[in-house]
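Here's a quick briefing for anyone meeting this structure for the first time. Have a look at it, then read on for a few spots to find.

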Amino acid sequence: MLWVKALHIIAMVCWFAGIFYLPRLFVYHAACEDQTGRERFKIMERKLYRGITTPSMIATVVLGLWLISYNVQGYMSQGWLHAKLLLVVLLIGYHFYCGHLVKVFRDDRNTRSHVFYRWFNEVPVLILVAVVILASVKPF
């Protein structure tokens, strides 16, 4: 179980690295004024989303479910896990919305400013703080 837990944490760190950096790329992409730069951002966004962030998300979810499977009844009776799972579902939604934005930028259909993406970039930080506190402190 400790190996699965370690791998789960590693996958989660990789997922969050991607989920933090991808919206930051959106900030720079939205502010970019030259075509060469925009094409470069399209490649970076696609590779980050498909090559790192999505595989890390899948690994995090699979390993997390594996951890729960060790004691389903025990874990599912704890309120902190319900809250954590809700936040994970919200983060998965955020992840897929980022995938949608990758396509929006790819097709040159972005209408939002870099300021929007600066705020958008803060959402996963709040989720990370809450998830770590829930998983570490187990407040309820």
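Where is Lys47 found? Lys47 sits in helix α2, and that helix is a good place to begin. Keep in mind that this is a predicted model.

**A positive patch on the surface**
- Arg46, Lys47, Arg50 and Lys103 together form a positive surface patch.
- Helix α2, which covers residues 35-69, supplies the largest share of that patch, with three residues.
- Lys47 counts as exposed because its relative accessibility is 52%, and the cut-off for exposed is over 50%.

**A buried charge in helix α2**
- Glu45 also has its place in helix α2.
- Unlike the exposed Lys47, Glu45 is buried.
- Glu45 has no salt bridge, and the nearest side chain of opposite charge, Lys42, is 8.2 Å away; a salt bridge would need the charged atoms within 4 Å.
- What Glu45 does have is a side-chain polar contact with the side chain of His29, at 2.8 Å.

**Two residues with a positive phi**
- Most residues other than glycine have a negative phi.
- Asp108 isn't a glycine, yet its phi is positive, at about 55°.
- You'll find Asp108 in the loop between α4 (79-106) and α5 (114-120).
- Lys138 isn't a glycine either, and its phi is positive too, at about 50°.
- Look for Lys138 in the segment after α6 (123-137).
- With a relative accessible area of 41%, Lys138 is partly exposed.

Terms used
Residues are numbered from 1 along each chain as its sequence is written. This is a predicted model: local features need pLDDT of at least 70, side-chain atom pairs count only at pLDDT 80 or more; totals for chains, interfaces and linings use all residues. Side-chain values use heavy atoms; hydrogens and water are left out. Patches are made of residues with over 30% relative accessible area and no salt bridge: like charges are joined within 9 Å, nonpolar side chains (Val, Leu, Ile, Met, Phe, Trp, Tyr) within 5 Å. Accessible areas come from the Shrake-Rupley method with a 1.4 Å probe; for residues, only the protein chains shown count as cover. Lys and Arg count as positive and Asp and Glu as negative; His and the chain ends are not counted. The place of a charge is taken as NZ of Lys, CZ of Arg, CG of Asp or CD of Glu. Helices (H or I, at least four residues) and strands (E, at least two) are DSSP runs, numbered from the N terminus. Buried means under 20% relative accessible area, exposed over 50%, partly exposed in between (1.4 Å probe, protein chains only). A polar contact is a pair of N or O atoms within 3.5 Å; within protein, one must be able to donate a hydrogen and the other to accept it, and residues adjacent in sequence count only if both atoms are side-chain atoms.
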